[in-house]
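Please look over the fold, its cores and a handful of selected residues. The briefing below takes them topic by topic.

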Amino acid sequence: MPAEPAHHDHHHAHGPANRGRRVLRTAAPLFVRFPRTRLRTAVVVLHDAYGLTEPIEHCCRALARSGHVAVAPYLYYETGGKEFRPENEETARAAMSLLAADDLAADIAGALDHLASRLGIPARATGALGVGETGPLATRAAAEHDLAAAVECDPLDESPAADPARAIRLLDARLP
């Protein structure tokens with residue numbers, strides 16, 4: 001695997017530089033965490049209905065400590081990057097249900113393209129972790145993109161029982 005790039009900022013083709021241009025489709029921005037050791041594999045983390053919350057970021061940091069590059073697309077990017085608290089479960093689930101399947105597929109493909117083209121990590125060394133409602137999406141992404149593994153886990157809300165350790169152990173066992 002290649003060494004970690006010196007510059008970690010993620011740049012996109014959208015934003016002020018594209019004012020006046022028609023952008024038909026763009027992948028979501030990515031939350032990326034690198035391991036401090038040599039890169040082993042990568043994991044695309046698909047957040048649950050609550051959004052890319054602190055518990056999801058914690059999961060990404062734990063994956064990085066385990067030697068994986070963790071990449072989490074902001075699936076709510078086009079709707080303002082919303083984040084919901086666990087007490088707003090109905091609102092969060094309603095927001096998740098409004099995400100279009102094609103847009104979710106484009107977000108996953110964008111994350112995989114980032115891993116392959118910028119970091120040199122192929123699909124066969126990549127797993128998908130679907131949290132809560134995105135569990136089946138991770139499984140489908142693994143099949144469509146020939147990923148090395150897919151794991152589903154319960155929502156990582158702010159409760160003490162929400163711990164990504166089991167999902168990380170499953171990924172460690174399935175990734176090369």
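In this predicted model, the largest nonpolar core holds 32 residues. Val69, Val71, Tyr76, Leu115 and Ile121 touch the most other members of that core. The main points follow by topic.

**Nonpolar cores**
- Six elements each give two or more residues to the largest core: β1 (30-33), β2 (41-46), β3 (68-73), α2 (89-97), α3 (101-119) and α4 (135-145).
- Helix α3 supplies the largest share of this core, with 6 residues.
- Another core lies apart from it and has 20 residues. Phe31, Leu52, Ile56 and Leu129 are among its members.
- In soluble globular proteins, nonpolar side chains tend to be buried together.

**Overall architecture**
- The protein contains 5 helices and 5 strands.
- Read from the N terminus, the element order is β-β-α-β-α-α-β-α-β-α.
- The protein has 176 residues, and buried residues make up 45% of them.
- Take the contacts between residues at least 6 apart in sequence: 73% of these join residues at least 24 apart.

**Packing of α3 and α4**
- How do α3 and α4 cross? Their axes come within 11 Å and cross at roughly 60°.
- That angle is under 65 degrees but not under 35, so α3 is oblique to α4.
- The crossing of α3 past α4 is right-handed.
- On the α3 side, the contact is made by Ala101, Leu104, Ile108, Ala109 and Leu112.
- On the α4 side, Leu137, Arg140, Ala141 and His145 take part.
- By class, this contact has 7 nonpolar, 1 polar and 1 charged residues.

**The end of α4 and the loop after it**
- Glutamate 144 lies in helix α4. Its relative accessible area is 54%, over the 50% cut-off, so glutamate 144 counts as exposed.
- Glutamate 144 and alanine 105 are 39 residues apart in sequence. Their C-alpha atoms are 9.8 Å apart in space.
- Aspartate 146 sits in the loop between α4 and β5 (149-153).
- The phi of aspartate 146 is near 55°. This is a positive value in a residue other than glycine.
- Is aspartate 146 buried or exposed? Aspartate 146 is exposed, with a relative accessible area of 60%.

**Cysteine 60 in α1**
- Cysteine 60 is found in helix α1, which spans residues 54-65.
- Its relative accessible area is 0%, so cysteine 60 is buried.
- Which residues does cysteine 60 contact, leaving aside its neighbours within four places in sequence? The partners are Phe31, Arg33, Val45, Ala70 and Ala72.
- One of these partners, Phe31, is also a member of the 20-residue core.
- Cysteine 60 and proline 35 are 25 residues apart in sequence and 10.0 Å apart in space, C-alpha to C-alpha.

**Helix α5 and the segment after it**
- Alanine 173 lies in helix α5, residues 165-174.
- Alanine 173 has a relative accessible area of 66% and is therefore exposed.
- Alanine 173 is 24 residues from alanine 149 in sequence. The C-alpha separation of this pair is 9.2 Å.
- Where is proline 176 found? Proline 176 is in the segment after α5.
- Proline 176 is exposed, with a relative accessible area of 64%.
- Not counting residues up to four places away in sequence, proline 176 touches Thr41, Arg124, Ala125 and Ala148.
- Proline 176 and threonine 126 are 50 residues apart along the chain. Their C-alpha atoms are separated by 8.7 Å.

Technical notes. Residues numbered from 1 in each chain as written. Predicted model: local features only at pLDDT ≥ 70, side-chain atom pairs only at ≥ 80, totals over all residues. Heavy atoms only, no water. Core = buried A, V, L, I, M, F, W, Y, C linked by side-chain atoms within 4.5 Å. Buried < 20%, exposed > 50% of the residue type's maximum accessible area, 1.4 Å probe, protein only. Helix = DSSP H or I, 4+ residues; strand = E, 2+ residues; numbered from the N terminus. Axes fitted to C-alpha atoms, helices over the stretch in contact; angles between N-to-C directions. Parallel < 35°, antiparallel > 145°, perpendicular 65-115°, else oblique. Left-handed = near helix turned anticlockwise from the far one by under 90°. Contact = heavy atoms within 4.5 Å. Nonpolar A, V, L, I, M, F, W, Y, C, P; charged D, E, K, R; others polar.
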